[in-house]
Amino acid sequence: MLPVSRPALPPLSAFAELLEDIWSSRMLSNFGKYARRLEEQAQADLRNPFVRALVSGDIGLVLSLASLGLPEGGECLVQSFTFNSTVNAILWNRLRPVFVDIDPRTLNVDTADLERRVSPATRAIVVTHIFGSPLDLDRVLGLARARGIPVVVDAAHGYGAEYRGMRIGDPRLGDYQVFSLSGTKQVTSAEGGLVAAANAGLAGRIEFRRAYGFQNDYVSRALGLNGKISEIHAALGCLTLGEADRVVVERAKKAERYRARLGSVPGLAFQEHLAGCRSAYKDFAILCPERRDALAGQLATDGIQTKTYFRPLHAMPLFEPFRGRGDDLADTEAVAARVLCLPMFNELSDADIDRVSERVARFYGRG
Ligand SMILES: Cc1ncc(COP(=O)(O)O)c(C=O)c1O
């Protein structure tokens, strides 16, 4: 089966060398050499000295919202088309999600809808760079700053993406930006995450909260949990992070090849990217003209794995009670019914792309 994603790993010997160093140091966690090195690498890459490493992107989102000190029950605007983690983080913090629709072309938050729904009760805005494609941060940050509302960006898919001359993760691009280094991402530490804060004060709050709420003196000053990344995970992350630029450029080429081969399928559309931005291409998403599930089934029969990934969160049992009466989330629902992510990973070959494209085109009578 051709997988939809596949982690690219460094040579085992390179990892083994770092493991030997960890073994002899007997330092397995607590921000030793490799967690610190991972942070330094990410700080240099993202041009942000306030990047902190964590055990996962999920915990990064929980702790980012916790660090903002928002009042219980405070409203958070959040798109419905994102991963469950994004909204879970709001609920773990006893905040209240208010769902926002997406733009059916970019699949990112619909900034006009965001503007419509923002109110004096809004306490935070939580937005996601869907599939690694930068969302319109000028509009989101503009409307948030005009009202003094903090912005948490779920950049789980965004390592290596660029926004108008800045790296996603640059301190100007959100109060907190949260990256995932899980195994499905373009760079990975098996499990892991990074939080890029906007300033030293916000980064300091993450430092307390990711380590049970205290620092060296064991005195709790904030409610924390165990969000520490182990040295073993961090070491793997150090090896893959160094490849980020090359990997993202390669992924863009693969996406171009898909576009060239699928562009003539009537009614088939691609996720559109904002001008002046570089997607990290965590995924390659198409919008099927029709019969998406039948296409996915046919591809599976042909030995090709695909994923839809996101379903409208506002329709799920846990989140449905937060849906406002008369909420119009029509574009979220329409996109969720049409979207399909085709195989995209660092080692995907041109021949693989051609085979997948040919099967898709044939399904729609263009083979
Ligand atoms: C959009 C989004 N946010 C958050 C997460 C959670 O990240 P992690 O798996 O590192 O906890 C994911 C995971 O894939 C994701 O896709």
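This dialogue reads the ligand shell and two helix packings in a predicted model.

Student: Which residues surround the ligand, and which are the closest?

Tutor: A residue is near a molecule if one of its heavy atoms lies within 4 Å of it. Here 14 residues surround the ligand, and the closest are Gly57, Asp154, His157, Ser180 and Lys185. Residues are numbered from 1 along each chain as its sequence is written. Local features need pLDDT of at least 70, side-chain atom pairs count only at pLDDT 80 or more, totals for chains, interfaces and linings use all residues, and side-chain values use heavy atoms, with hydrogens and water left out.

Student: What polar atoms of Gly57, Asp154 and Ser180 face the ligand?

Tutor: A polar contact is a pair of N or O atoms within 3.5 Å. A polar backbone atom of Gly57 is 2.9 Å from an oxygen atom of the ligand, while an N or O atom in the side chain of Asp154 is 2.6 Å from a ligand nitrogen atom. A polar side-chain atom of Ser180 lies 2.7 Å from an oxygen atom of the ligand.

Student: Which helix gives the most to the shell around the ligand?

Tutor: Helices are DSSP runs (H or I, at least four residues), numbered from the N terminus. Helix α3, residues 57-67, gives the most, with 3 residues.

Student: How do α2 and α8 pack?

Tutor: Axes are lines fitted to C-alpha atoms over the stretch in contact, and angles run from 0 to 180 degrees between N-to-C directions. Helix α2 (residues 33-46) and helix α8 (residues 231-241) pack at about 30°, with their axes 7 Å apart. Angles under 35 degrees count as roughly parallel, over 145 as roughly antiparallel, 65 to 115 as roughly perpendicular and the rest as oblique, so α2 is roughly parallel to α8.

Key. A polar contact is a pair of N or O atoms within 3.5 Å; within protein, one must be able to donate a hydrogen and the other to accept it, and residues adjacent in sequence count only if both atoms are side-chain atoms. Helices (H or I, at least four residues) and strands (E, at least two) are DSSP runs, numbered from the N terminus.
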